[in-house]
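Work through the exercises below with the sequence and the structure at hand. Try each task before reading its solution.

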Amino acid sequence: MKILLLGSGGRESALAHKISSSARCERLWIAPGNAGTAAYGDNVAMSPLDFDAIKAFVESHGVDMIVVGNEDPLVAGIYDYFEEHPVLVVGPSRAAAALEGSKDFAKAFMSRHGIPTAAYRTFTADTLEEGCHYLATLNPPYVLKADGLAAGKGVLIEPTLEQACRSLSDMLGGQFGKASESVVVEEFLSGIECSVFVLTDGAGSYRILPVAKDYKRVGEGDTGLNTGGMGAVSPVPFADDAFMAKVEERIVRPTIKGLLDEGLTYRGFIFLGLISCEGEPKVIEYNVRMGDPETEVVMPRLRSDLVDLLAGAARGSLGDIPAEHDPRAAATVIAVSGGYPGSYPKGLEITGELHPAASTVYHAGTATDADGRLVTAGGRVLAVTSYGDTLAEALAASYASLDDIHFDGKYARRDIGHEFI
(Lines give C-alpha, C1' and ligand atoms only; values in the text may rest on other atoms or scores of the structure.)
Protein backbone atom coordinates (compact mmCIF):
# COMPACT_ATOMS: atom_id res chain seq x y z
CA MET A 1 0.00 0.00 0.00
CA LYS A 2 0.99 3.62 -0.57
CA ILE A 3 0.41 5.47 2.69
CA LEU A 4 0.30 9.15 3.68
CA LEU A 5 0.85 9.88 7.38
CA LEU A 6 -0.17 13.33 8.64
CA GLY A 7 1.78 14.96 11.48
CA SER A 8 5.24 15.98 12.64
CA GLY A 9 5.87 14.86 16.23
CA GLY A 10 7.22 11.94 18.20
CA ARG A 11 3.92 10.10 17.77
CA GLU A 12 4.24 10.31 13.99
CA SER A 13 7.87 9.18 14.18
CA ALA A 14 6.80 6.05 16.05
CA LEU A 15 3.90 5.42 13.65
CA ALA A 16 6.16 5.97 10.63
CA HIS A 17 8.74 3.57 12.03
CA LYS A 18 6.10 0.88 12.56
CA ILE A 19 4.35 1.43 9.22
CA SER A 20 7.61 1.38 7.28
CA SER A 21 8.51 -2.00 8.80
CA SER A 22 5.43 -3.63 7.28
CA ALA A 23 5.82 -5.76 4.17
CA ARG A 24 2.54 -4.24 3.00
CA CYS A 25 3.98 -0.72 2.93
CA GLU A 26 5.05 0.01 -0.64
CA ARG A 27 5.66 3.73 -0.12
CA LEU A 28 5.29 6.08 2.85
CA TRP A 29 5.01 9.86 2.90
CA ILE A 30 4.87 11.98 6.05
CA ALA A 31 3.34 15.46 5.94
CA PRO A 32 5.07 17.53 7.10
CA GLY A 33 7.24 15.15 9.15
CA ASN A 34 10.48 16.11 10.92
CA ALA A 35 14.21 15.47 10.59
CA GLY A 36 13.79 11.94 11.92
CA THR A 37 10.78 10.74 9.94
CA ALA A 38 12.83 11.11 6.74
CA ALA A 39 14.51 7.82 7.75
CA TYR A 40 11.21 5.98 7.34
CA GLY A 41 9.70 7.65 4.28
CA ASP A 42 9.55 10.88 2.31
CA ASN A 43 8.68 14.11 4.08
CA VAL A 44 6.21 16.36 2.27
CA ALA A 45 5.95 20.09 3.01
CA MET A 46 2.17 20.07 3.38
CA SER A 47 -0.14 21.08 6.22
CA PRO A 48 -2.35 18.33 7.66
CA LEU A 49 -5.17 20.91 7.61
CA ASP A 50 -4.85 21.74 3.90
CA PHE A 51 -7.38 19.20 2.67
CA ASP A 52 -7.33 20.43 -0.93
CA ALA A 53 -3.55 20.02 -1.13
CA ILE A 54 -3.80 16.59 0.48
CA LYS A 55 -6.41 15.53 -2.07
CA ALA A 56 -4.24 16.71 -4.95
CA PHE A 57 -1.28 14.79 -3.50
CA VAL A 58 -3.35 11.65 -2.96
CA GLU A 59 -4.53 11.69 -6.55
CA SER A 60 -1.18 12.52 -8.12
CA HIS A 61 0.75 9.91 -6.10
CA GLY A 62 -1.80 7.08 -5.99
CA VAL A 63 -2.10 7.10 -2.19
CA ASP A 64 -4.16 4.16 -0.89
CA MET A 65 -4.53 5.16 2.77
CA ILE A 66 -4.30 8.32 4.89
CA VAL A 67 -3.29 7.86 8.54
CA VAL A 68 -4.08 10.94 10.64
CA GLY A 69 -1.65 11.48 13.50
CA ASN A 70 -3.04 14.43 15.43
CA GLU A 71 -6.55 15.52 16.32
CA ASP A 72 -6.91 18.81 14.44
CA PRO A 73 -7.61 17.38 10.95
CA LEU A 74 -10.06 14.87 12.45
CA VAL A 75 -12.02 17.51 14.34
CA ALA A 76 -11.96 19.65 11.18
CA GLY A 77 -13.57 16.80 9.20
CA ILE A 78 -10.89 15.16 7.05
CA TYR A 79 -12.77 11.85 7.15
CA ASP A 80 -15.91 13.53 5.79
CA TYR A 81 -13.88 15.40 3.14
CA PHE A 82 -12.69 12.08 1.67
CA GLU A 83 -15.86 10.08 2.36
CA GLU A 84 -16.78 9.81 -1.34
CA HIS A 85 -13.14 9.35 -2.40
CA PRO A 86 -11.63 5.86 -2.87
CA VAL A 87 -8.70 6.59 -0.53
CA LEU A 88 -8.96 4.95 2.90
CA VAL A 89 -8.86 7.27 5.92
CA VAL A 90 -7.96 6.04 9.40
CA GLY A 91 -9.97 8.18 11.80
CA PRO A 92 -13.48 9.16 12.90
CA SER A 93 -15.97 11.39 11.15
CA ARG A 94 -16.24 15.04 12.19
CA ALA A 95 -19.30 14.23 14.31
CA ALA A 96 -17.55 11.37 16.11
CA ALA A 97 -14.37 13.43 16.56
CA ALA A 98 -16.39 15.66 18.90
CA LEU A 99 -15.45 13.08 21.55
CA GLU A 100 -12.20 15.04 21.71
CA GLY A 101 -13.27 18.29 20.09
CA SER A 102 -15.88 19.01 22.78
CA LYS A 103 -15.47 18.03 26.43
CA ASP A 104 -19.19 18.68 26.94
CA PHE A 105 -20.13 16.33 24.08
CA ALA A 106 -17.86 13.62 25.49
CA LYS A 107 -19.28 13.91 29.01
CA ALA A 108 -22.85 13.84 27.69
CA PHE A 109 -22.00 10.79 25.56
CA MET A 110 -20.67 8.98 28.63
CA SER A 111 -23.76 9.94 30.58
CA ARG A 112 -26.08 8.63 27.87
CA HIS A 113 -24.30 5.29 27.74
CA GLY A 114 -23.63 4.71 31.42
CA ILE A 115 -19.85 4.98 31.11
CA PRO A 116 -18.22 5.73 34.49
CA THR A 117 -16.75 9.23 34.74
CA ALA A 118 -16.65 12.20 37.10
CA ALA A 119 -19.82 14.17 37.86
CA TYR A 120 -19.89 17.41 35.86
CA ARG A 121 -21.78 20.43 34.58
CA THR A 122 -21.03 22.82 31.71
CA PHE A 123 -21.17 26.62 31.93
CA THR A 124 -20.94 29.66 29.66
CA ALA A 125 -20.34 33.35 30.36
CA ASP A 126 -24.10 33.77 30.84
CA THR A 127 -24.11 31.15 33.61
CA LEU A 128 -20.88 32.13 35.38
CA GLU A 129 -22.61 32.79 38.70
CA GLU A 130 -24.35 29.42 38.51
CA GLY A 131 -20.96 27.85 37.81
CA CYS A 132 -19.49 29.32 40.99
CA HIS A 133 -22.46 27.97 42.96
CA TYR A 134 -21.84 24.52 41.46
CA LEU A 135 -18.14 24.70 42.37
CA ALA A 136 -19.19 25.34 45.96
CA THR A 137 -21.00 21.97 46.02
CA LEU A 138 -17.77 20.12 45.15
CA ASN A 139 -14.83 19.17 47.33
CA PRO A 140 -11.39 20.63 46.51
CA PRO A 141 -9.38 20.51 44.36
CA TYR A 142 -11.55 21.80 41.50
CA VAL A 143 -11.26 20.70 37.87
CA LEU A 144 -12.07 23.11 35.02
CA LYS A 145 -11.80 22.07 31.36
CA ALA A 146 -12.11 24.24 28.27
CA ASP A 147 -14.78 22.62 26.12
CA GLY A 148 -12.83 22.87 22.86
CA LEU A 149 -9.32 22.04 21.71
CA ALA A 150 -6.70 24.08 23.56
CA ALA A 151 -3.44 22.36 22.55
CA GLY A 152 -3.43 20.32 25.74
CA LYS A 153 -3.43 23.44 27.94
CA GLY A 154 -7.14 23.85 28.62
CA VAL A 155 -7.39 21.90 31.89
CA LEU A 156 -6.91 23.68 35.22
CA ILE A 157 -6.91 22.08 38.67
CA GLU A 158 -7.35 24.70 41.38
CA PRO A 159 -6.77 24.13 45.11
CA THR A 160 -9.30 26.63 46.50
CA LEU A 161 -12.86 27.64 45.73
CA GLU A 162 -11.84 31.29 45.38
CA GLN A 163 -9.16 30.48 42.81
CA ALA A 164 -11.50 28.10 40.95
CA CYS A 165 -14.15 30.84 40.60
CA ARG A 166 -11.51 33.29 39.36
CA SER A 167 -10.21 30.75 36.85
CA LEU A 168 -13.73 29.96 35.64
CA SER A 169 -14.28 33.67 35.05
CA ASP A 170 -10.94 33.99 33.23
CA MET A 171 -11.62 30.97 31.03
CA LEU A 172 -15.10 32.11 30.08
CA GLY A 173 -13.65 35.56 29.47
CA GLY A 174 -11.40 34.26 26.69
CA GLN A 175 -8.32 32.80 28.38
CA PHE A 176 -8.22 29.98 25.83
CA GLY A 177 -10.04 31.80 23.04
CA LYS A 178 -13.01 30.01 21.48
CA ALA A 179 -11.98 26.78 23.20
CA SER A 180 -13.19 28.12 26.56
CA GLU A 181 -16.43 29.79 25.45
CA SER A 182 -17.90 26.86 27.36
CA VAL A 183 -16.20 25.28 30.38
CA VAL A 184 -16.81 21.87 31.91
CA VAL A 185 -16.57 21.82 35.71
CA GLU A 186 -16.20 18.35 37.20
CA GLU A 187 -15.43 16.62 40.44
CA PHE A 188 -11.82 15.73 41.13
CA LEU A 189 -11.08 12.01 40.94
CA SER A 190 -8.29 10.65 43.11
CA GLY A 191 -6.29 7.68 41.84
CA ILE A 192 -3.62 6.65 39.34
CA GLU A 193 -3.97 7.19 35.62
CA CYS A 194 -3.29 5.12 32.53
CA SER A 195 -3.93 5.32 28.79
CA VAL A 196 -5.85 2.61 26.97
CA PHE A 197 -5.86 2.60 23.17
CA VAL A 198 -8.54 0.93 21.08
CA LEU A 199 -8.59 0.52 17.31
CA THR A 200 -12.10 0.09 15.91
CA ASP A 201 -13.57 -0.37 12.44
CA GLY A 202 -16.98 1.29 12.73
CA ALA A 203 -18.71 -2.08 12.40
CA GLY A 204 -18.45 -3.27 16.00
CA SER A 205 -15.02 -4.94 15.90
CA TYR A 206 -12.15 -3.54 17.95
CA ARG A 207 -8.68 -4.35 19.20
CA ILE A 208 -7.17 -3.18 22.49
CA LEU A 209 -3.52 -2.15 22.13
CA PRO A 210 -0.84 -2.25 24.84
CA VAL A 211 -1.68 -0.06 27.86
CA ALA A 212 0.63 2.83 28.75
CA LYS A 213 1.13 5.46 31.41
CA ASP A 214 2.50 8.90 30.62
CA TYR A 215 3.95 11.66 32.79
CA LYS A 216 2.63 15.15 32.09
CA ARG A 217 4.27 17.43 34.69
CA VAL A 218 7.62 18.96 33.79
CA GLY A 219 9.13 18.48 37.24
CA GLU A 220 10.19 15.32 39.03
CA GLY A 221 7.70 14.03 41.54
CA ASP A 222 4.92 15.18 39.19
CA THR A 223 5.48 18.85 40.00
CA GLY A 224 5.48 22.01 37.93
CA LEU A 225 3.59 22.91 34.78
CA ASN A 226 1.77 20.49 32.51
CA THR A 227 3.53 19.51 29.29
CA GLY A 228 2.70 17.46 26.24
CA GLY A 229 4.33 14.53 28.06
CA MET A 230 7.77 13.88 29.57
CA GLY A 231 7.85 10.12 29.22
CA ALA A 232 5.82 6.91 29.19
CA VAL A 233 5.99 3.27 30.22
CA SER A 234 4.25 0.08 29.14
CA PRO A 235 2.92 -2.24 30.49
CA VAL A 236 1.27 -0.62 33.49
CA PRO A 237 1.49 -2.94 36.51
CA PHE A 238 -1.86 -2.00 38.07
CA ALA A 239 -3.68 -2.47 34.73
CA ASP A 240 -3.75 -6.23 35.22
CA ASP A 241 -6.18 -8.73 33.69
CA ALA A 242 -8.86 -8.04 36.32
CA PHE A 243 -8.65 -4.27 35.84
CA MET A 244 -8.67 -4.55 32.04
CA ALA A 245 -11.69 -6.88 32.15
CA LYS A 246 -13.57 -4.06 33.92
CA VAL A 247 -12.30 -1.54 31.36
CA GLU A 248 -13.49 -3.66 28.46
CA GLU A 249 -16.88 -4.45 29.97
CA ARG A 250 -17.73 -1.04 31.43
CA ILE A 251 -15.97 1.35 29.05
CA VAL A 252 -14.74 -0.11 25.75
CA ARG A 253 -17.85 -2.08 24.79
CA PRO A 254 -20.34 0.65 25.81
CA THR A 255 -18.27 3.20 23.87
CA ILE A 256 -18.24 1.10 20.69
CA LYS A 257 -21.95 0.31 21.05
CA GLY A 258 -22.76 3.96 21.77
CA LEU A 259 -21.03 5.09 18.59
CA LEU A 260 -22.97 2.54 16.57
CA ASP A 261 -26.28 3.32 18.25
CA GLU A 262 -25.85 7.04 17.57
CA GLY A 263 -24.80 6.49 13.96
CA LEU A 264 -21.35 8.01 14.51
CA THR A 265 -18.83 6.73 11.96
CA TYR A 266 -15.60 5.79 13.71
CA ARG A 267 -12.79 3.92 11.93
CA GLY A 268 -9.64 4.59 13.85
CA PHE A 269 -8.00 4.98 17.25
CA ILE A 270 -9.89 5.76 20.45
CA PHE A 271 -7.70 7.00 23.30
CA LEU A 272 -9.23 6.36 26.71
CA GLY A 273 -7.65 8.49 29.40
CA LEU A 274 -8.52 6.45 32.49
CA ILE A 275 -8.07 6.69 36.23
CA SER A 276 -8.15 3.80 38.65
CA CYS A 277 -10.08 4.82 41.75
CA GLU A 278 -9.28 2.04 44.22
CA GLY A 279 -9.29 -0.47 41.35
CA GLU A 280 -12.41 0.88 39.64
CA PRO A 281 -11.77 2.44 36.19
CA LYS A 282 -13.33 5.76 35.22
CA VAL A 283 -12.89 7.87 32.10
CA ILE A 284 -11.11 11.20 32.45
CA GLU A 285 -11.25 12.00 28.75
CA TYR A 286 -11.52 10.65 25.24
CA ASN A 287 -9.06 11.48 22.49
CA VAL A 288 -9.64 10.48 18.88
CA ARG A 289 -6.04 9.53 18.00
CA MET A 290 -3.01 7.94 19.57
CA GLY A 291 -1.32 9.75 22.44
CA ASP A 292 2.12 11.29 22.57
CA PRO A 293 4.45 10.12 24.14
CA GLU A 294 2.45 6.90 24.70
CA THR A 295 2.67 5.92 21.02
CA GLU A 296 6.43 5.67 21.46
CA VAL A 297 5.96 2.74 23.88
CA VAL A 298 2.74 1.27 22.45
CA MET A 299 4.04 0.79 18.89
CA PRO A 300 7.20 -1.07 19.97
CA ARG A 301 5.03 -3.43 22.05
CA LEU A 302 2.63 -4.16 19.16
CA ARG A 303 3.83 -7.34 17.49
CA SER A 304 1.16 -7.45 14.79
CA ASP A 305 1.45 -5.76 11.41
CA LEU A 306 0.19 -2.22 11.93
CA VAL A 307 -0.72 -1.72 8.27
CA ASP A 308 -2.96 -4.81 8.39
CA LEU A 309 -4.73 -3.39 11.44
CA LEU A 310 -5.07 0.12 10.01
CA ALA A 311 -6.40 -1.10 6.67
CA GLY A 312 -8.88 -3.39 8.44
CA ALA A 313 -10.13 -0.50 10.56
CA ALA A 314 -10.41 1.87 7.60
CA ARG A 315 -12.26 -0.72 5.50
CA GLY A 316 -14.66 -1.67 8.29
CA SER A 317 -13.26 -5.20 8.33
CA LEU A 318 -11.02 -5.50 11.37
CA GLY A 319 -12.59 -8.92 11.90
CA ASP A 320 -10.06 -11.52 12.97
CA ILE A 321 -6.91 -9.43 12.44
CA PRO A 322 -4.92 -9.95 15.65
CA ALA A 323 -3.28 -7.34 17.86
CA GLU A 324 -0.54 -9.34 19.56
CA HIS A 325 1.54 -7.73 22.31
CA ASP A 326 5.26 -8.07 22.93
CA PRO A 327 5.70 -9.32 26.53
CA ARG A 328 8.74 -7.10 27.08
CA ALA A 329 8.49 -3.75 28.81
CA ALA A 330 9.11 -0.50 26.96
CA ALA A 331 10.06 2.88 28.41
CA THR A 332 10.28 6.30 26.78
CA VAL A 333 12.08 9.33 28.17
CA ILE A 334 11.62 12.73 26.50
CA ALA A 335 14.46 15.22 26.08
CA VAL A 336 13.06 18.75 26.06
CA SER A 337 14.42 22.21 25.39
CA GLY A 338 15.48 24.31 28.36
CA GLY A 339 12.60 26.54 29.38
CA TYR A 340 9.86 24.22 28.10
CA PRO A 341 6.85 24.36 28.54
CA GLY A 342 7.48 28.10 28.68
CA SER A 343 9.57 29.97 26.12
CA TYR A 344 12.65 28.18 24.79
CA PRO A 345 15.29 28.67 22.07
CA LYS A 346 15.27 26.84 18.75
CA GLY A 347 18.00 26.02 16.27
CA LEU A 348 20.40 24.47 18.79
CA GLU A 349 22.65 21.78 17.32
CA ILE A 350 21.99 18.19 18.43
CA THR A 351 25.04 15.93 18.65
CA GLY A 352 25.97 12.54 20.05
CA GLU A 353 24.79 9.01 19.44
CA LEU A 354 21.40 9.24 17.71
CA HIS A 355 21.33 5.58 16.65
CA PRO A 356 22.16 3.67 19.85
CA ALA A 357 22.18 -0.11 19.69
CA ALA A 358 20.05 -0.45 22.84
CA SER A 359 17.35 2.12 22.04
CA THR A 360 15.27 3.79 19.35
CA VAL A 361 15.43 7.57 19.12
CA TYR A 362 12.19 9.06 17.82
CA HIS A 363 12.44 12.65 16.64
CA ALA A 364 9.77 15.13 17.77
CA GLY A 365 10.84 18.79 17.61
CA THR A 366 13.80 18.52 15.24
CA ALA A 367 14.79 20.01 11.89
CA THR A 368 17.78 20.22 9.56
CA ASP A 369 19.23 23.72 9.19
CA ALA A 370 20.72 25.36 6.09
CA ASP A 371 24.12 23.84 6.89
CA GLY A 372 22.68 20.34 7.16
CA ARG A 373 22.99 20.20 10.94
CA LEU A 374 20.37 18.48 13.09
CA VAL A 375 18.87 21.19 15.32
CA THR A 376 16.10 21.65 17.86
CA ALA A 377 12.80 22.94 16.49
CA GLY A 378 10.35 22.46 19.36
CA GLY A 379 9.85 22.05 23.08
CA ARG A 380 9.85 18.28 23.11
CA VAL A 381 12.87 17.41 21.01
CA LEU A 382 13.56 13.65 21.16
CA ALA A 383 11.91 10.54 22.58
CA VAL A 384 14.27 7.72 23.55
CA THR A 385 12.60 4.30 23.81
CA SER A 386 14.07 0.99 24.98
CA TYR A 387 12.93 -2.55 25.70
CA GLY A 388 13.67 -4.50 28.85
CA ASP A 389 12.59 -7.69 30.55
CA THR A 390 11.45 -5.33 33.31
CA LEU A 391 10.51 -1.67 33.37
CA ALA A 392 13.64 -0.98 35.41
CA GLU A 393 15.82 -2.46 32.64
CA ALA A 394 13.98 -0.56 29.91
CA LEU A 395 14.28 2.73 31.80
CA ALA A 396 17.96 2.22 32.53
CA ALA A 397 18.63 1.65 28.83
CA SER A 398 16.67 4.74 27.78
CA TYR A 399 18.47 6.96 30.30
CA ALA A 400 21.87 5.60 29.26
CA SER A 401 21.14 6.30 25.59
CA LEU A 402 19.75 9.75 26.39
CA ASP A 403 22.94 10.65 28.26
CA ASP A 404 24.88 10.16 24.99
CA ILE A 405 22.80 12.79 23.16
CA HIS A 406 23.60 16.46 23.62
CA PHE A 407 22.17 19.91 22.97
CA ASP A 408 22.36 23.09 25.00
CA GLY A 409 19.75 23.23 27.75
CA LYS A 410 18.69 19.59 27.37
CA TYR A 411 16.40 18.50 30.19
CA ALA A 412 14.70 15.22 31.05
CA ARG A 413 12.83 13.96 34.07
CA ARG A 414 14.85 11.29 35.85
CA ASP A 415 11.91 9.67 37.62
CA ILE A 416 9.79 8.27 34.79
CA GLY A 417 8.15 5.04 35.97
CA HIS A 418 9.52 5.54 39.48
CA GLU A 419 6.38 4.30 41.23
CA PHE A 420 6.65 0.91 39.49
CA ILE A 421 10.32 0.25 40.23
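**Exercise 1.** In this predicted model, find how many positive and how many negative side chains the protein has, and how far apart the centres of the two sets lie.

Solution. Start with the counts: the protein has 36 positive side chains and 57 negative ones. Next, take the centre of each set; the two centres lie 1 Å apart.

**Exercise 2.** State how many helices and strands the protein has, and decide why it counts as compact as a globular protein of that length.

Solution. The secondary structure comprises 12 helices and 24 strands. For 421 residues the globule rule gives 22 Å, and the radius of gyration of the protein is 21 Å, close to that value, so the protein is as compact as a globular protein of that length. Along the principal axes, the C-alpha atoms fill a box of roughly 55 × 50 × 45 Å. Of the 421 residues, 55% count as buried.

**Exercise 3.** Locate leucine 149 and classify it as buried, partly exposed or exposed.

Solution. First, the position: leucine 149 sits in the loop between β7 (142-146) and β8 (155-158). Second, the cut-offs: buried means under 20% relative accessible area and exposed means over 50%. Leucine 149 has a relative accessible area of 30%, so it is partly exposed. Third, the neighbours: leaving out residues up to four places away in sequence, leucine 149 touches Glu71, Asp72, Val75, Glu100, Gly101 and Ala179.

**Exercise 4.** Give the separation of leucine 149 and aspartate 326 in sequence and in space.

Solution. In sequence, leucine 149 and aspartate 326 are 177 residues apart. In space, C-alpha to C-alpha, these two residues are 33 Å apart.

Terms used:
Residues numbered from 1 in each chain as written. Predicted model: local features only at pLDDT ≥ 70, side-chain atom pairs only at ≥ 80, totals over all residues. Heavy atoms only, no water. Helix = DSSP H or I, 4+ residues; strand = E, 2+ residues; numbered from the N terminus. Buried < 20%, exposed > 50% of the residue type's maximum accessible area, 1.4 Å probe, protein only. Contact = heavy atoms within 4.5 Å. Rg over C-alpha atoms; globule rule 2.2 N^0.38 Å. Lys, Arg positive; Asp, Glu negative; His and termini not counted. Charge placed at Lys NZ, Arg CZ, Asp CG, Glu CD.
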